[in-house]
Amino acid sequence: MAKKLAGALIAALCIGAAAHATPTSTAVIATPPQPSWASLSVEQKTILSPLGNEWDRLDNTRRKKWLAIAERYKRMTPTEQTRLQDKMRDWAMLSPEQRLAARERFKEFNQLPPEERENVKQKWQEYRQQKDEEQRRKAEPAGGDTVPANTTPEAGK
Amino acid sequence: MNELHFAFRVRQHLNQSLQQIDDDKLARLKAAREAALSAQKAPATVPSLASAGHYLRFNFDSRGLRFSLAALALVLAAALYVHWQGDKLIAELSDIDSALLSDDVPMEALVDKDFNEWLKNSQER
């Protein structure tokens, strides 16, 4: 009898620990089955259209999360709605670790005062320009001589 | 002497003997009889539902069933907690994801690990 209770206690602790652990992947959360793409309403399909091809491969937890986001979408401004849909597919393609790290950075970013937030956005543009320049320089041949576009390597010899 | 006659003679003898019992012995016999009658419990009628309740109570009282119920309640409570935690986590994720994706901060700026380092270095400069 006490064994039964001890077994139940261990089972309960295991279930509780699994739920309490900070998941790097949402796959550990037990979620009831969520609708397939075909079962979504027309409105849900319209909102979640960037995920149309991936939807049936998403686990139930992620489907439930996206359905909750689709509900919030209705209360967003048209600009926010466009931004959300533009980023939706790329976001879903990230690895769970990348999404986790991005959420942490966004939380930090969100706590910044407005002027600092603007500064970070400007810095991002600056960083992108530097990166692009670096890539262009790497793509150029060593020595800095540019090969004319119509010259083949054989012709240059 | 047939049987009936014998019974009659016994009765007659007992009646005669009864007349010969002393008053104090009679009083003691009477008191003992009354005490026995008052101690006797009145037979109670037991309704069928009470019988069912008694059966359940008897079984509930048994330790095995109590342990099983406690174990079941524990697992059920854990399952409910997991369900509640899952819902809470999904709500948190949808909160932050919808805010992140609808914000004008480029998603790449949040994903690019090098940018974070570059930003720190550029602020130190």
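Is B:Asp114 buried, partly exposed or exposed, and at what relative accessibility? B:Asp114 counts as partly exposed, at 45% relative accessibility (buried is under 20% relative accessible area, exposed over 50%, partly exposed in between, with a 1.4 Å probe and protein chains only).

A word on the ground rules. This is a predicted model, where local features need pLDDT of at least 70 and side-chain atom pairs count only at pLDDT 80 or more, while totals for chains, interfaces and linings use all residues. Residues are numbered from 1 along each chain as its sequence is written, chains are lettered from A and ligands numbered from 1 in the order in which they are written, and side-chain values use heavy atoms, leaving out hydrogens and water.

**Where the chains meet**

Chain B puts 46 residues in contact with 50 residues of chain A (contact means heavy atoms within 4.5 Å). About 4600 Å² is buried between the two, with carbon and sulfur atoms giving 72% of that; buried area is the accessible area (1.4 Å probe) that two parts lose on being put together, summed over both. On the chain B side, B:Ile90, B:Leu101 and B:Trp118 lose the most area to chain A, together 14% of what that side buries.

**Salt bridges**

The rule finds seven salt bridges across the interface of chain B and chain A, and 13 over all chains in the whole structure. A salt bridge here is a side-chain nitrogen of Lys or Arg within 4 Å of a carboxyl oxygen of Asp or Glu. Here are some of the pairs:

| Residue | Partner | N to O distance |
|---|---|---|
| B:Asp95 | A:Arg72 | 2.5 Å |
| B:Asp104 | A:Lys121 | 2.7 Å |
| B:Asp114 | A:Lys131 | 3.8 Å |
| A:Glu43 | A:Lys74 | 3.4 Å |

The A:Glu43 and A:Lys74 pair stays in chain A: A:Glu43 lies in helix α2 (residues 42–47) and A:Lys74 in the loop between α3 (60–73) and α4 (78–93), so the pair ties together parts that are 31 residues apart in sequence. Helices are DSSP runs (H or I, at least four residues), numbered from the N terminus. Both ends are partly exposed, A:Glu43 with a relative accessible area of 42% and A:Lys74 with 39%. A:Glu71 joins A:Glu43 and A:Lys74 in a network of salt bridges.

As for the partners of the chain B aspartates, A:Lys121 counts as buried at 13% relative accessibility, whereas A:Lys131 is partly exposed at 29%. B:Asp104, which pairs with A:Lys121, is partly exposed at 38%.

Technical notes:
Helices (H or I, at least four residues) and strands (E, at least two) are DSSP runs, numbered from the N terminus.
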